[in-house]
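Trainee: Could we take a close look at a single part of this model, and then follow what surrounds that part?

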Amino acid sequence: MKSSTRSRIAAACGDGKKRTLETFRVSTPIGEMLLCVCSQGLHMIYQKDNITDENFVPDTSKHTSLLSNPPQDEKVKNCLENCLKWLETYFHNVGNVSHLCIPLLCPLSVDDLSFRERVLFYLVDKVPFGKTITYGELASFAGSPGAQQAVGTVMASNPFQLIVPCHRVVKSGNKVGKYSGGCRNTVKVWLLQHEGLSVDETGSVLTQLA
């Protein structure tokens with residue numbers, strides 16, 4: 001039996017208005033993930049906190065499925081279904097990922113872009129499936145050369161795991177670096193390998209930079 005949605009709270013959206021935000025549990029090949037959605041789009045997607053390097057066991061036989069009761073609001077339902085479709089395509093139909101529009105990301109505004117938003121938008125738009133980019137390169141493309149540490153901060157607080165692909169951002173020298181504060185490095189390696197890249201025993205990603 002499916003459980004109810006985890007929570008309903010009021011949250012600020014990209015247009016400055018507050019709307020009801022619902023949290024849904026979803027099963028995926030990399031473990032259970034939580035999706036926080038309002039009627040205007042996705043606010044957050046992330047793995048459950050209890051997934052770490054010590055217990056991460058990917059299961060590619062698992063398809064993306066909703067573990068919570070479905071939403072009643074039609075707009076929330078449509079957004080959630082788009083997110084589930086994107087996830088299922090990412091994990092099980094990789095050839096179509098680049099042709100699939102990402103779900104609407106509600107908290108991000110396209111007007112008067114901040115450094116954080118420039119970094120996130122560039123990463124989504126310019127670093128596709130199977131490519132990587134360094135922190136320094138991403139800082140330069142976002143218009144702030146030398147701000148690689150600031151990019152690292154943005155990546156650490158990225159609310160859209162997988163959809164805004166912070167796992168594709170690597171250290172100089174193509175080193176994997178830390179993922180989720182260093183507690184999910186095996187997840188980052190698995191995601192890169194899932195996208196067709198190789199990671200050698202020294203932690204170097206063998207790939208062509210975006």
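**Helix 1 and its surroundings**

Mentor: In this predicted model, a good place to begin is the start of helix 1, where a side-chain oxygen of aspartate 73 comes to within 2.9 Å of the backbone nitrogen of lysine 75. Helix 1 has 19 residues, which at 1.5 Å a residue should span 27 Å, and the 26 Å between its end C-alpha atoms agrees with that expectation. The buried residues of helix 1 are Val76, Cys79, Leu80, Cys83, Leu84, Trp86, Leu87, Thr89, Tyr90 and Phe91. To read such a list, it helps to recall that an α-helix has 3.6 residues a turn, so residues three or four places apart point the same way. The partners against which the buried residues of helix 1 pack are strand 2 (18-27), strand 3 (33-38), strand 4, strand 5 (65-66) and helix 5.

Helix 5, one of those partners, covers residues 185-194, and Val187, Lys188, Trp190, Leu191, Leu192 and His194 are buried in this helix. The cover over the buried residues of helix 5 includes helix 1 (74-92) and helix 3 (135-141), together with strand 4 (41-47), strand 7 (169-170), strand 8 (198-199) and strand 9 (205-206). Strand 4 thus appears both among the elements that helix 1 packs against and among those that cover helix 5. Just after helix 5, glycine 196 adopts a positive phi of about 90°.

The backbone on the way to helix 5 also deserves attention. Most residues other than glycine have a negative phi, and most peptide bonds are trans. Asparagine 174, in the loop between strand 7 and helix 5, nevertheless has a positive phi, near 65°, and with a relative accessibility of 14% asparagine 174 counts as buried. Leucine 162 likewise has a positive phi, near 75°; leucine 162 lies in the loop between helix 4 and strand 7 and is buried, with a relative accessible area of 0%.

That loop leads back to helix 4 (residues 148-156), whose axis comes within 10 Å of the axis of helix 2 (residues 115-126), the two crossing at roughly 75°. This crossing angle makes helix 2 roughly perpendicular to helix 4. Helix 2 contributes Phe115, Arg116, Val119, Leu120 and Leu123 to the contact, while helix 4 contributes Ala150, Val151, Val154 and Met155. Sorted by class, the contact between helix 2 and helix 4 consists of eight nonpolar residues and one charged residue, with no polar residues.

Conventions: Residues numbered from 1 in each chain as written. Predicted model: local features only at pLDDT ≥ 70, side-chain atom pairs only at ≥ 80, totals over all residues. Heavy atoms only, no water. Buried < 20%, exposed > 50% of the residue type's maximum accessible area, 1.4 Å probe, protein only. Helix = DSSP H or I, 4+ residues; strand = E, 2+ residues; numbered from the N terminus. Contact = heavy atoms within 4.5 Å. Axes fitted to C-alpha atoms, helices over the stretch in contact; angles between N-to-C directions. Parallel < 35°, antiparallel > 145°, perpendicular 65-115°, else oblique. Nonpolar A, V, L, I, M, F, W, Y, C, P; charged D, E, K, R; others polar. Expected span 1.5 Å × (residues − 1). Polar contact = N/O pair within 3.5 Å; in protein donor to acceptor, adjacent residues only side chain to side chain.
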